[in-house]
Structures are given as structure tokens and as C-alpha cells.
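Here is a short note for a first look at this structure. Please keep the 3D view open while reading.

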Amino acid sequence: MVRARETVALRVERELSSVVGEAVLAIRAAIPAYRDLHGPQLADVEGIAYWSLRRLMQIWNADTAELDDRDRARFRAIGVARASDGRPLSDVLRAYRVASSVFIRHIASVHLADLDPADIAELSIAALDGIDAISEEIIGAYTAARERLASDGEHARSALLDDLLAGRQNSPGALADRSRELALTLPTHPTVLVVGRADSTDTVRHEDLDNVLGALGGDRATEDAQLATRRDHRSVFLLPAAVDLADVDAVCAERYLRGSAVARRPITEVSASYRLAADGLGAAPEHAFDDRAVLDEGDSQLLALLTARPYADTNAVVAAVLGTLTEPAHNHLLAGLSAFIATGTATEAAAALHVHPQTLRYRLRRAREVTGRDPRRAWHRLALDTALQLRQLQRPT
């Protein structure tokens, strides 16, 4: 006579795909580090969950609570992979506990009538024993791999920036742990700089990373090291908030590089800052670089709007392009700039505002100082005009 447990195991085999789906949803809901995973990374999690739960079912059905050598080797490989991609060890182990809980609850709720209490108890014990064995293999491999990575300081720091760009390990606790491991002090509000060449297919060379960092007074080997990594043909830098964007622009211009920077956002927003800067650099027209080598956040916010990016934000365009020009103390500068853009000449703008042309020119000069944008240049004029129109639309009628 076929045991009830074998019958249930055969049924669960057919249900396993949906159970894995529920387990992955539970993992992403319970563990922040897993929420932003997508594409190949998410598929990897689903594949591991499927294999792990299937093995748990087989071990339970066979009345043996031990992993075999192939299982142990696979979990050691998983430990090495998670150390390399920077996912916190505590989160990795918790994911197995969450998936096992979903699996046991499924069997207890759907197949309870076909099983004895002892079957459910043995399934729970098999899961606990399995998690204990998994933890041993993963912890050992993870720890050894992290030690190897940490011994290569430059690689480890680049890996940290890779994690930040991907939206991994951006919780305060995880960042504190990684910083301590690497003897690194991270800025709380860094500047994210993406650098490429005019020909987007031309790769930024490895030595360019060191040249740019050196020119900005940093390196990659000290406690306050500035992080750098590569993305396709580009380089990405995490710079202290104190870095002057004018200096960054001069350094890039001298080396015939083009860049896009998003400055002084919280370090937990590095991934969003990188996406904004990288998309802006890729979409910017040639004349956006007529008077500088590095775009700022206002340019990238405008380009996000013009290219209909899903994260485009009209309020962000106004704030980033106009800056403090929207403050009440600068109302006269804002009015002068608006009149100039509307009429096209200082003389006509002065007449429209009933002020002397020299007064209007002074206001334009101050507006350029506040915004960093010259309305006589086509790209800046577009940015300013768009921001002014958006601001007008935002005001209550």
C-alpha cells in the first residue's frame, strides 16, 4: 500500500511551481534586500527556491534528514555567489526559513486531511535539520569568500559601489557593516558621477578612473577613498558632497570626457541617482555640452521629462533647474528671466517690466549666477523656459 506521504509528495510535485511563487513573494515582502531584485537575479532566487523545496520534499518522503554531497556543494556555491553580490548573510539564511515556512503551511493547509500528525511533525523537523545543514555550508563558504574579497581592497570597494548602484545593501545597518569591513568612511550625501566619451561606443579606460580621482584629490586606497567602478563603456564615481562640480567639470573637460552628476542626495538613494545621471548622459543632445563637460541634475531631470521616463517628475525639474531662484527674495530675478525668455532681448524685456535695460541685464546676470544657466544658450534656454512654464502650471489659478 502506498503511504499517504508518498501520495501527497506526488501532488505537491505538481503544485510546486505555484508554491515557489508564493515563497518568493513572501521572501520579497519580508526581506528588503530581495525587493529590488529583477531579471536574472530574481530568476536565480526562484530557481534556488524550487530546487531547495523539492529536495526538502524528497528528504521528507524518503525519511532521511541529511543532505548529500551534491546538495552541500551546491549550497557552498550559493554562499560564494551571495558573498560576491553582497547580499547580507543574515538575509540569505532568512530567505530559506521564509520559504520553508510557506512550504510547510501549504502542506498543512491543503493536504492535512491525507496526513497523520506525525507526518507534519517530521516535515517540520526535516526543514529545521535542513536549514541547520544549509546554514553550515553557506556560512562557511560565504565567510571565506568575503575574506578573499576584502583582502583585495580595490575590488571590494568597487563591489560595494556596484551593490549601491543596483539598489542592494543600502540599509543603514548593511552599509555600516560593509564600511567597517573595508575600513571605509562613506559620505552620507554623496555625488554620483557617470563619465563617458563623446563617442558612446568608446570605452573609458581604467587609467581614466585613477586620473579623475587623483585630479579631484582622492584615491581608492585610503579610509576616505572615493569609490569607482565601470558600467559598460562608462565609469561611475561616488564622490564626497564637498567635491565642487566646477572642479569635476574642469577635470573631465581636460581629459575629453563627458559626464552627468547628481549631487548631495542621501546615500540610500544612490541607485536612483545613478539611473537619473546615466539616462541623462545617454539622452543629452550635443549642444547640451557647448559650455561644459558635465551635466547637472537639472539637465537630467529635464531629459527624463523629455524622454518620458517613468520616474520623470515635473516638480523635480523646477527645483533642480531654478533652484533658489523660486524663493521670494529672488522674485525680481525670476521676473526678469521670464521676460527675457518671452521677448528674446534685454531691451524688450526691460520695456515689458518698465525698468531700465541695465537693470534688466543685472537681473539676468544674477539669475545666471543663481542657476548656473545662461539663457542666451539654446540648451539652457530650453531648460529654463521649461522649468518656468512648469512652475506656472503648478501655481494655483
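The points below take up the aromatic pairs and then one helix.

1. The model is predicted. Keep that in mind for each distance and angle below.

2. The count of aromatic pairs comes to two. In one of them, the ring centres of Trp 51 and Phe 75 lie 4.8 Å apart. Their planes stand at 45 degrees; angles from 30 to 60 degrees count as tilted, so this pair is tilted. Trp 51 belongs to helix α2 (residues 39–61) and Phe 75 to helix α3 (residues 69–85). The two residues are 24 apart, so distant parts of the chain are linked. Both are buried.

3. Phe 75 also pairs with Tyr 96. Here the centres are 5.7 Å apart and the planes are at 70 degrees, so the pair is edge-to-face. Tyr 96 sits in helix α4 (residues 89–110), and Phe 75 in α3, so parts 21 residues apart in sequence are tied together. Phe 75 and Tyr 96 are both buried.

4. Taken together, ring pairs join Trp 51, Phe 75 and Tyr 96 into a cluster. Arg 74 adds a charge: its charged end sits over the Trp 51 ring, 4.1 Å from the centre.

5. Which residues of helix α9 (residues 245–254) are buried? They are Val 248, Asp 249, Val 251 and Cys 252. Why do they lie on the same side of α9? Because they cover an arc of only 165 degrees around the axis.

6. Look at the ends of α9 too. Asp 244 caps the N-terminal end, with a side-chain oxygen 2.8 Å from the backbone nitrogen of Ala 246. Just after α9, Tyr 256 has a positive phi of about 60 degrees.

Note on methods:
Residues are numbered from 1 along each chain as its sequence is written. This is a predicted model: local features need pLDDT of at least 70, side-chain atom pairs count only at pLDDT 80 or more; totals for chains, interfaces and linings use all residues. Side-chain values use heavy atoms; hydrogens and water are left out. Buried means under 20% relative accessible area, exposed over 50%, partly exposed in between (1.4 Å probe, protein chains only). Helices (H or I, at least four residues) and strands (E, at least two) are DSSP runs, numbered from the N terminus. The arc is that of the directions from the helix axis to the C-beta atoms. A polar contact is a pair of N or O atoms within 3.5 Å; within protein, one must be able to donate a hydrogen and the other to accept it, and residues adjacent in sequence count only if both atoms are side-chain atoms. Rings of Phe, Tyr and Trp (its six-membered ring) pair if their centres lie within 6.5 Å; planes under 30 degrees apart count as stacked, over 60 as edge-to-face and the rest as tilted. A charge sits over a ring if NZ of Lys or CZ of Arg is within 6 Å of the ring centre and within 35 degrees of the ring normal.
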